[in-house]
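Trainee: I would like to learn how to read a ligand site and a small sheet in a model. Could we take them one at a time?

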Amino acid sequence: MGLKLYDLVAGPRLLHLSRYYSAQESVELFPTLARKGKDRTLKGTVVYYDGQMNDLRVNVGLACTAALAGAAVLNHAEVISFLKDEGKEFDGYAKVVVNVAGPFCDSVRKMADNDAKPMICPKSGVHIVLPDYYSPKGMGLIVPTTKDGCVVFMLPWLGRTVAGTMDSSTTITMLPEPNEDEIEFILDAICDYLNVKVRRVDVLSAWSGIRPLATDPRAKNTESISRDHVVCEDYPGLVTITGGKWTPYISMAEDAVDTAIKSGKLSPTNKCLTDNLCLIGGHGYDPASFTVLAQQYVRMKKSYSSKVMPGVMDAATAKHLSHAYGTLAERVAAIAQV
Ligand SMILES: Cc1cc2nc3c(=O)[nH]c(=O)nc-3n(C[C@H](O)[C@H](O)[C@H](O)COP(=O)(O)OP(=O)(O)OC[C@H]3O[C@@H](n4cnc5c(N)ncnc54)[C@H](O)[C@@H]3O)c2cc1C
């Protein structure tokens, strides 16, 4: 029922209709799926379709698109303090500062007001990478509630399988690392639903990230930690937006900008222009463009016998470049071509 509603809400953006599969159909579609678990038998599955994005590429794409639209972009630059006028008004280089330091946003808020109440309740999320043979091509597995009350998923990712689970409390550090218990926990949780043993030696890599779950410093009930985003101006001229997810980033940005406009009493010359803005590399993108890329790419390289031979681009590389860089893939390939 929920997934049918999901289809309905997607409207014209619906990828494919979700549907129910019997146990027999399910194991045909997903051969590593177990028919029997410890205390249960597989009755069937529901298949639904969702989008997948490469957060790294979207992030860089956003920064480049913003630069093209006139923003001054500076990466690898740490905010170390604010320029203030006698502690009351900002006398810096911007009328409003928007603090988007994620799990670190409290330390930035404290630069403005040392007594600022913490907003962040950091949760670590661990993901592991496994060989592609654990899940079929183009299909993943999500168990909304495991025996431990967690969400467990296994998804195809960049030619491998990525598996992960729910979050646990953590401390804020620039270099979070997964611990062995967390890796074992994921292996144990997915093994419960598969008919093959997922071995520790199959873990190709593992990483940990910090989710900035947030409380609203103005809320009466500070215990209420939300998975939604929180925007607040808890010091004049300093707007903090944190929490939330990647998925609603556009509406999060809109809320932050609206709050910044109010905070700085700014007078925007136009309405929001980014509603339908295409990110850099998205204009004229065609899913078949990887074919043209592979056709056009010829790199002269030396063979073992020292003969200069034309090198071609294999389909997997062409698809990867096209997915990662969109219409700019040709320019990336050109760098490798020289
Ligand atoms: C394991 C995991 C899985 C997730 N899966 C999903 C998912 O499937 N879907 C989804 O929608 N969301 C997902 N999320 C959530 C999503 O990744 C986060 O919501 C998002 O990264 C938070 O973005 P942010 O920009 O607020 O913070 P961050 O991405 O943490 O960025 C904050 C940035 O601020 C910088 N910074 C900190 N201090 C300073 C300073 N003093 N000066 C300058 N820069 C500073 C940091 O270096 C960092 O680059 C996941 C998160 C994790 C951890």
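Mentor: Start with who supplies the shell around the ligand. In this predicted model, β11 gives the largest share, three residues.

Trainee: Which elements give two or more residues to that shell?

Mentor: They are β6 (120-130) and β11 (205-214).

Trainee: How do the residues of the shell divide by character?

Mentor: Nine are nonpolar, six polar and three charged. There are 18 residues around the ligand, and Val 79, Pro 103, Lys 245, Trp 246 and Thr 247 come nearest.

Trainee: Where are polar atoms of the protein placed against oxygen atoms of the ligand?

Mentor: Separate backbone from side chain. A polar backbone atom of Trp 246 is 2.8 Å from a ligand oxygen, and one of Gly 244 is 3.4 Å from a ligand oxygen. From Thr 247 it is a polar side-chain atom, 2.7 Å from an oxygen of the ligand. As for cover, the ligand alone exposes 990 Å², of which the protein buries 65%.

Trainee: Now the sheet. What is the order of its strands?

Mentor: Read the order, then the edges. This open sheet of three strands runs β5-β13-β12, with mixed pairing. Its edge strands, β5 (97-99) and β12 (229-235), each pair on one side only. Neighbouring strands are turned by 20° against each other on average, direction ignored.

Trainee: How many bridges join β5 to β13?

Mentor: Three, and the two strands run parallel. Val 97 stands opposite Leu 238 in β13.

Trainee: Which helix packs on the sheet, touching β5, β12 and β13?

Mentor: Helix α6 (residues 249-263) does, with its direction at about 165° to that of β13. Helix α4 (residues 105-112) lies across β5, β12 and β13, running at about 165° to β13.

Technical notes. Residues are numbered from 1 along each chain as its sequence is written. This is a predicted model: local features need pLDDT of at least 70, side-chain atom pairs count only at pLDDT 80 or more; totals for chains, interfaces and linings use all residues. Side-chain values use heavy atoms; hydrogens and water are left out. Two strands pair if DSSP finds at least two bridges between them. Helices (H or I, at least four residues) and strands (E, at least two) are DSSP runs, numbered from the N terminus. Axes are lines fitted to C-alpha atoms, for helices over the stretch in contact, and angles run from 0 to 180 degrees between N-to-C directions. Contact means heavy atoms within 4.5 Å. A residue is near a molecule or strand if one of its heavy atoms lies within 4 Å of it. A polar contact is a pair of N or O atoms within 3.5 Å; within protein, one must be able to donate a hydrogen and the other to accept it, and residues adjacent in sequence count only if both atoms are side-chain atoms. Accessible areas come from the Shrake-Rupley method with a 1.4 Å probe; for residues, only the protein chains shown count as cover. Ala, Val, Leu, Ile, Met, Phe, Trp, Tyr, Cys and Pro count as nonpolar, Asp, Glu, Lys and Arg as charged, and the others, Gly among them, as polar.
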